[in-house]
Amino acid sequence: MGEVRSFFTLGEEVASRVRPTTAERAPEEEIDLATLGARIRHARQARGLTLADLAQRVDRAPSLLSQIENGRKEPRLALLSAIARELDVTVADLMRAEPPSRRAALEIALAQAQARPLYAGLGLPEVRPSAKLPTEALEALVGLHAEVGRLASVRSATPEEARRANAELRLHMRARHNYFAEIEQLASRISAAVGHTGGPLTERGVSAVTGHLGFTLHRVADLPRATRSVTDLRNRRIYLPMAADGGHDPRTILLQTLGHFALGHTEPAGYADFLRQRVEANYFAAALMMPERPAVDFLRQAKAAKALAIDDLRDVFAVSYETAAHRFTNLATEHLGLPVHFMRVGEDGVIYKAYENDDVTFPTDVSGAIEGQIVCRYWASRAVFHNPDRYATHYQYTDMGRGTYWCTTHVERTGSGDFAIDVGVPFAHVKWFQGRETTVRATSSCPDPACCRRPPADLAARWAEHAWPSARAHSHLLAAIPPGTFPGVDDTEVYEFLDRHGAE
């Protein structure tokens with residue numbers, strides 16, 4: 001089979017490392033009934049006996065021997081001794097851990113694979129390895145099971161799929177300057193239809209958008225815990241919680257939900273598709289909260305006055321600082337000719353979101369993913385947490401190996417803690433921004449360990465052998481991606497919820 005070993009060979013290698021021989025096993029140790037049954041069948045057929053023949057010789061019912069040979073029933077020692085005697089083998093021969101043949105090993109492996117929850121969860125029929133099933137087909141089935149199990153194991157060990165999907169999506173967004181013209185056009189048509197021509201989108205305006213798209217809004221106290229909203233497509237209802245959770249703007253949650261339907265999303269085909277849809281729905285919501293034409297007009301006027309500021313954009317449209325920063329990165333390159341970068345960083349320095357098209361050197365892992373990496377301690381997104389007033393807007397120049405960048409950073413408090421929202425540009429473009437006169441300056445040579453990863457020599461000399469910190473694990477970065485079309489959502493809970501409310 002070339003470089004690919006058969007499942008039989010691989011299984012025997014693993015078994016030889018973890019499974020003791022007959023002589024090594026303790027008398028009370030469990031035996032592999034599937035292997036025992038296969039060895040009895042093999043020995044019976046080698047003697048030219050039918051199941052009925054052997055049953056008559058040991059004075060037992062053929063149905064009982066059939067259950068034993070299929071690994072569904074364990075024989076008593078007396079019966080096993082009688083079977084061994086009639087088949088002219090020893091009990092030790094029958095109880096050997098190795099399957100009697102390559103074919104038998106494949107049949108056992110297939111039965112075991114189909115009994116696992118991973119296969120049961122697929123809802124596919126069970127394949128019974130009858131004598132008519134070619135050995136090559138059996139080996140192909142077992143090999144496919146092994147590969148499915150391996151991929152599931154890899155993806156459940158780390159959020160590898162999420163990191164890869166994030167990295168690929170970021171490259172796609174960078175190629176478009178983080179600007180989606182088709183979503184802007186759709187949002188502009190809806191804004192015009194409901195009469196939102198600028199300024200904050202009011203609750204009445206959100207209701208108008210909801211009605212324009214053919215839905216009604218319902219606030220409930222029993223929304224499934226894993227959801228932010230549930231949509232009843234049969235009755236065109238959108239259910240939201242009674243109150244916003246974790247500091248999220250309730251307008252944003254509703255508009256993101258509506259975005260999936262306005263953009264024609266179908267059930268995600270995988271995690272990458274799910275992530276893409278989330279990004280597009282978020283973009284749609286921001287484009288309605290801050291329509292393109294009035295937002296661009298405001299930004300162009302501010303640029304002409306050399307007074308660009310995320311704070312001002314936030315206040316004009318009455319949105320969060322993070323929403324304003326996101327929207328600025330949507331529009332800055334396409335309409336203002338400004339290369340930018342954006343980060344959302346936790347107080348511990350972990351990057352939660354990031355985007356750049358200005359060649360700033362973000363830390364990445366081997367897959368190119370940025371989320372979960374630690375940002376340089378000298379960057380503005382970490383320095384802001386050391387300010388006497390951490391909630392005041394922080395401006396900073398940072399000299400890096402490939403140039404100097406200027407950043408404006410603001411800390412937002414959320415139910416999950418404080419996060420720094422950071423927007424930056426190369427030095428050549430700082431002239432358009434408020435805060436350019438700051439004297440705060442830092443130098444970063446990351447990823448060189450001597451920059452901030454390695455402690456100063458005198459500090460390390462005093463404490464290196466006398467410190468033992470207990471690390472706080474970032475479980476969201478280590479946990480497996482929840483299964484399902486919509487990761488982490490319990491379908492039964494959603495359907496039961498809709499049952500409760502469908503008749504209202």
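Two residues are in contact when their heavy atoms come within 4.5 Å of each other. With that in hand, here's a first look at this protein, which is a predicted model. Take the contacts between residues at least 6 apart in sequence: 61% of them join residues at least 24 apart.

**The whole chain**

The protein has 504 residues, and 40% of them count as buried. Its fold includes 22 helices and nine strands. About 27,400 Å² of the protein is exposed, with carbon and sulfur atoms supplying 53% of that area.

How far does the predictor trust its own work? The average pLDDT is 84, and 87% of the residues reach at least 70. Confidence peaks in helix H15 (residues 292–304) at 97, while helix H1 (residues 7–18) sits lowest with a mean of 35. Residues 1–29 have a pLDDT below 50, and this stretch makes 27 contacts in the model beyond near neighbours in sequence. Residues 475–480 also fall below 50, with eleven contacts of that kind. Where pLDDT is low, the predicted coordinates shouldn't be read in detail.

**The six-stranded sheet**

Now find the open sheet of six strands, ordered E5-E4-E8-E7-E6-E9 with mixed pairing. Strands E5 (351–356) and E9 (441–443) are at the edges with a single partner strand each, so one side of each has no neighbour in the sheet. On average, neighbouring strands here are turned by 25° against each other, direction ignored.

Strand E8 (residues 417–426) is a good one to follow. Is E8 mostly covered or mostly open? Nine of its ten residues are buried, so to speak for the strand as a whole, E8 is mostly covered. Strand E4 (residues 341–346) runs antiparallel to E8 and is joined to it by six bridges. Strand E7 (residues 403–414) is antiparallel to E8 too, with ten bridges joining them. Ile421 in E8 stands opposite Arg344, and it also stands opposite His410. Another bridge pairs Thr408 with Val423 in E8.

Some strands of this sheet are linked by hairpins. E7 and E8 form one with two residues between them. E4 and E5 form another with four residues between them, and Gly349 in that turn has a positive phi of about 90°.

Here are four of the strand pairs in this model, side by side:

| Strand pair | Direction | Bridges |
|---|---|---|
| E4 and E8 | antiparallel | six |
| E7 and E8 | antiparallel | ten |
| E4 and E5 | antiparallel | five |
| E2 and E3 | antiparallel | three |

In the E4 and E5 pair, Met343 stands opposite Ala354 in E5.

**A closer look at Thr409**

Thr409 belongs to strand E7. Why does Thr409 count as buried? Buried means under 20% relative accessible area, and Thr409 counts as buried because its relative accessibility is 0%. Beyond residues up to four places away in sequence, Thr409 touches several others, including Ala380, Val384, His394 and Ile421. Asp422 is another of its contacts. Along the chain Thr409 and Asp422 are 13 residues apart, but their C-alpha atoms are separated by 4.4 Å. Their side chains are joined by a polar contact of 2.7 Å.

**The three-stranded sheet**

There's also an open sheet of three strands, in the order E1-E3-E2 and again with mixed pairing. E1 and E2 stand at its edges, each with a single partner strand, so each has one side left without a neighbour in the sheet. From one strand to the next, the twist averages 25°. Thr231 stands opposite Ile238 in E3.

Which helices lie on this sheet? Helix H13 (residues 250–262) lies across E1, E2 and E3, and it runs at about 150° to E3. Helix H22 (residues 491–502) packs on the sheet as well, touching E1, E2 and E3, and its direction makes about 110° with that of E3.

Finally, look at Ser229, in the loop between strand E1 (216–220) and strand E2 (230–232). Ser229 counts as buried because its relative accessibility is 18%, and the cut-off is under 20%. Setting aside neighbours within four places in sequence, Ser229 is in contact with Leu223, Tyr239, Leu240 and Thr257. With Thr257, the contact includes a polar one between the two side chains, at 2.7 Å.

Conventions: Residues are numbered from 1 along each chain as its sequence is written. This is a predicted model: local features need pLDDT of at least 70, side-chain atom pairs count only at pLDDT 80 or more; totals for chains, interfaces and linings use all residues. Side-chain values use heavy atoms; hydrogens and water are left out. Buried means under 20% relative accessible area, exposed over 50%, partly exposed in between (1.4 Å probe, protein chains only). Two strands pair if DSSP finds at least two bridges between them. pLDDT is the predictor's confidence in each residue, from 0 to 100. Accessible areas come from the Shrake-Rupley method with a 1.4 Å probe; for residues, only the protein chains shown count as cover. Axes are lines fitted to C-alpha atoms, for helices over the stretch in contact, and angles run from 0 to 180 degrees between N-to-C directions. A polar contact is a pair of N or O atoms within 3.5 Å; within protein, one must be able to donate a hydrogen and the other to accept it, and residues adjacent in sequence count only if both atoms are side-chain atoms.
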